[in-house]
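Start with the core, then work outward to the sheet and the rings. Keep the fold in view as you read.

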Amino acid sequence: MPTDDTIVPLGAAYFPVPAGSPTRSYAFLLVPGFTLLAFSSAVEPLRIANQLSQQPLYRWQLMSETGAPVASSSGISVCVDAPIGPMDRATRAFVCAGNPPSAAAAPKVVAAIQRHARFGGAVGGICTGAVALAAAGLLEDHAFTLHWENQPTFREDFPALCPSANRFEISGPVMTCGGGAAATDMMLSLIAEDHGAEFSAMVSEMCLRKVMVGIEKEQRSSLSVLIRSRNPGLLNIVTLMNAHIEDPLTLDDLSRVAGYSRRHIERMFLSVLGETPGEFYRGIRLDHGRTLLSTTDMGLLEVALACGFGSVAHFSKSFKARFGTAPTKFNRTIRGARKTR
């Protein structure tokens, strides 16, 4: 546990809060491969809140399965204060994870989160930390999220659960975020609950954030930014493609739903995206397949079918054409990398 000197550092900026405000405790359970950016983005607003108020509004403790330092996804190891153990009921306990997401579902981590929730403690997941909460059976009645990159795999592993596209979700005692800067958004929202919107806004300013909490809700940039077009017809068609990966629509289907002729759709894709509709659609499905191969233990046939390909041969040929390597070789490389972690 940090000392009071580290909890309340000196600084030039000051924002008063009522004297004697209670100290709220946090516990961060670090698992191998956790995202350093997301972790620090969660802790720093707490430190800034203490600095601005010159009071110990927040304290935090770092834990790992054994009490040993934990290597982050960047290879930088972080020392912890203690092995995972019982926590006071008033503590907000967050699982900090990254890649591989399965690391968050380690039995000791899941058991600790289950126990804490059972005794009335608030629990949370940062980046892929929601995987631990799902494995603990704590998400069924709550809105939740995790990093968009890992959501397709999550849906395969937990088909009864549906993560949101939002940057963070606070649903009663369950708090989750997509990682990265979204961890700061979530913590600012919690600070606002504790000490008011004005104080939280000042913490946000100290983080050099101009956009206030709640304005940018979704994790990803809008589709119009990603494909560099505001054409409503094109956006509608690409949205349909993303919604039908496992059961691809034909060009006739897309034409009928969008209300455009086949020729008009082909011209639109070529002029804006430089690809035919079929090439673009196939790319979306193959990118999804690469994600599944990277983050799950699904077999090639399962992946091929999940991406709308009727056979492994067709999937493999298309995969190699897009990524320059056969999916079998890619799969061996990924699984070998996992074993060395």
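A nonpolar core here is a set of buried Ala, Val, Leu, Ile, Met, Phe, Trp, Tyr and Cys residues joined through side-chain atoms within 4.5 Å. Buried means under 20% relative accessible area. The model is predicted.

Which residues touch the most other members of the largest nonpolar core? They are Y26, F28, L30, I126 and M186, out of 37 residues in that core. Several elements feed it: β1, α2 (36–53), β2, β6, β7, β9, α6 and α7 (197–206) each supply at least two residues. Helix α2 gives the most, with eight residues. Apart from this core lies another, of 30 residues. Among its members are A27, I84, A112 and V123.

Now the overall chain. The protein has 15 helices and nine strands. Of its 341 residues, 48% count as buried. Take the contacts with a separation of 6 or more: residues 24 or more positions apart account for 65% of them.

Next, the sheet. Seven strands form an open sheet, and the pairing is mixed. The order is β5-β2-β1-β6-β7-β9-β8. Strands β5 (82–83) and β8 (168–171) stand at the edges, each with a single partner strand, so one side of each is left without a neighbour in the sheet. Helix α6 (residues 182–195) packs on this sheet. It touches β1 (24–30), β2 (58–64), β6, β7, β8 and β9 (174–177). The direction of α6 makes about 35° with that of β8.

Residue M186 shows such packing in detail. Leaving aside residues up to four places away in sequence, M186 touches F94, I126, F168, I170, M175, T176 and C177.

How are the strands joined? Strands of a sheet pair through backbone hydrogen bonds, either parallel or antiparallel. Strand β6 (residues 92–96) runs parallel to β7 (residues 122–126), with five bridges between them. There, A93 has V123 as its bridge partner in β7. Strand β7 also pairs with β9 in the parallel sense, over four bridges. V123 stands opposite V174 in β9. At the sheet edge the sense changes: β8 and β9 run antiparallel, joined by four bridges. E169 has T176 of β9 as its bridge partner. The hairpin of β8 and β9 has two residues between the strands, and G172 takes a positive phi near 60° there.

Which way do the β9 side chains face? In a regular strand the side chains alternate between the two faces of the sheet. In β9, V174 and T176 point one way, while M175 and C177 point the other way. All four are buried.

Last, the rings. The structure holds 14 aromatic pairs. One of them is F144 with F154: the ring centres are 5.4 Å apart and the planes stand at 55°, so the pair is tilted. F144 sits in the loop between α4 (130–135) and α5 (151–157), while F154 belongs to helix α5, ten residues apart. Both residues are buried. Elsewhere, Y26, F28, F34, F39, Y58 and F94 form one aromatic cluster. Y26 and F28 have already appeared among the core residues that touch the most other members.

Rings also meet charge. R285 places its charged end over the ring of Y281, 5.9 Å from the centre. R285 also lies over the face of F309, at 4.3 Å from the ring centre.

Note on methods. Residues are numbered from 1 along each chain as its sequence is written. This is a predicted model: local features need pLDDT of at least 70, side-chain atom pairs count only at pLDDT 80 or more; totals for chains, interfaces and linings use all residues. Side-chain values use heavy atoms; hydrogens and water are left out. Two strands pair if DSSP finds at least two bridges between them. Contact means heavy atoms within 4.5 Å. Axes are lines fitted to C-alpha atoms, for helices over the stretch in contact, and angles run from 0 to 180 degrees between N-to-C directions. Buried means under 20% relative accessible area, exposed over 50%, partly exposed in between (1.4 Å probe, protein chains only). Rings of Phe, Tyr and Trp (its six-membered ring) pair if their centres lie within 6.5 Å; planes under 30 degrees apart count as stacked, over 60 as edge-to-face and the rest as tilted. A charge sits over a ring if NZ of Lys or CZ of Arg is within 6 Å of the ring centre and within 35 degrees of the ring normal.
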